[in-house]
Amino acid sequence: MRPLRNPLIQTILSFALAGWMKLCFATIRWTWEGREHAEQVWANGGGVICVFWHSRIGLSPACWPLDLAQPAKALISLSPDGQFIAKAVALQGFPAVRGSSANKDKTDAAKGGFRALRDGLKQLKVGALAITPDGPRGPARVMAEGLPLMARMSGAPALFIGMSCLPAIRLNSWDRAILPLPFGRGAIVYDIARYPEGAELSDVTGPWAERLTAVEARADAITGLERL
């Protein structure tokens with residue numbers, strides 16, 4: 001059995017990762033841009049889709065203050081790695097909506113994707129849903145049509161979130177994921193959009209991917225983190 005598929009190891013590592021992330025978030029000096037978009041969303045309450053690229057999952061709890069914002073859930077893969085990440089994120093107040101469209105078995109993929117869409121739309125009636133539109137397996141910074149579809153069906157705004165920190169650990173994963181280090185500099189940048197009435201999914205996906213990449217690039221420019 002691979003180590004991450006062992007429930008005990010998953011639990012131990014999840015607690016360790018969650019504790020490390022909390023320490024880092026508390027000691028990082030944060031800069032915020034476009035926060036007025038997020039504050040308006042928090043004031044309005046209700047459904048909102050929080051969007052960030054997969055490589056920034058390790059920074060994501062820092063962008064959503066639980067004392068100000070509406071309740072949030074995270075759309076996390078059903079893969080073993082997804083289960084590990086889901087536990088670490090849930091320990092910081094963000095329980096998971098489980099589901100994946102990346103399973104090698106097409107039947108299971110369809111079931112997981114449908115379940116994720118169904119449960120995601122249910123969550124958007126009451127609060128926030130966090131999505132990584134290039135996950136769980138990439139390609140990095142390439143947006144699938146699932147996000148625009150959910151925005152169109154729910155009517156909820158998409159809040160694009162770019163996050164960065166320096167110094168940071170960059171993993172040797174497909175997305176070159178970032179994990180924070182304490183006592184550094186951090187940046188969180190927001191942008192917001194609603195699904196254009198009458199637009200085709202294909203007409204929205206590209207521009208939204210560009211806007212999401214732009215806020216992430218701006219966050220990296222603030223911290224000085226090298227773009228890869």
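Select E216 to begin: in this predicted model, E216 is buried, with a relative accessibility of 1%. Which residue forms a salt bridge with E216? Add R56 to the selection, and the closest N and O atoms of the pair are found 3.6 Å apart. The two residues belong to distant parts of the chain, being 160 residues apart. E216 lies in helix 6 (residues 201-223), whereas R56 sits in the loop between strand 2 (48-51) and strand 3 (72-76). R56 counts as buried at 2% relative accessibility.

Remain in this region and select D220 together with R227. These residues form a salt bridge whose closest N and O atoms are 2.8 Å apart. Is each partner buried or partly exposed? D220 is buried, because its relative accessibility of 2% falls under the 20% limit. R227, at 30% relative accessibility, is partly exposed. Now show R56, R141, E216, D220 and R227 at once: salt bridges with shared partners join these residues into one network.

The next stop is helix 2, which spans residues 35-44. Select R35 and E39, a salt-bridged pair with its closest N and O atoms 3.2 Å apart. Why are R35 and E39 separated by about one helical turn? The reason is their spacing in helix 2, where the two residues are four residues apart. Both ends of the bridge are partly exposed: R35 has a relative accessibility of 22%, and E39 has a relative accessible area of 41%. In general, side chains of opposite charge can pair when their charged atoms come close. To set these stops in context, a search of the whole structure finds nine salt bridges.

For the final stop, return to helix 6 and display helix 5 (residues 146-154) beside it. Two packed helices are described by the angle between their axes and the distance between the axes. Here the axes come within 9 Å and cross at roughly 115 degrees, and the crossing is right-handed.

Which residues meet where helix 5 and helix 6 are in contact? On the helix 5 side, select L147, P148, L149, A151 and R152. On the helix 6 side, select L201, V204, T205 and W208. Colouring the selection by residue class shows seven nonpolar residues, one polar and one charged. The charged residue is R152 and the polar one is T205.

Conventions:
Residues numbered from 1 in each chain as written. Predicted model: local features only at pLDDT ≥ 70, side-chain atom pairs only at ≥ 80, totals over all residues. Heavy atoms only, no water. Salt bridge = Lys/Arg side-chain N within 4 Å of Asp/Glu carboxyl O. Buried < 20%, exposed > 50% of the residue type's maximum accessible area, 1.4 Å probe, protein only. Axes fitted to C-alpha atoms, helices over the stretch in contact; angles between N-to-C directions. Left-handed = near helix turned anticlockwise from the far one by under 90°. Contact = heavy atoms within 4.5 Å.
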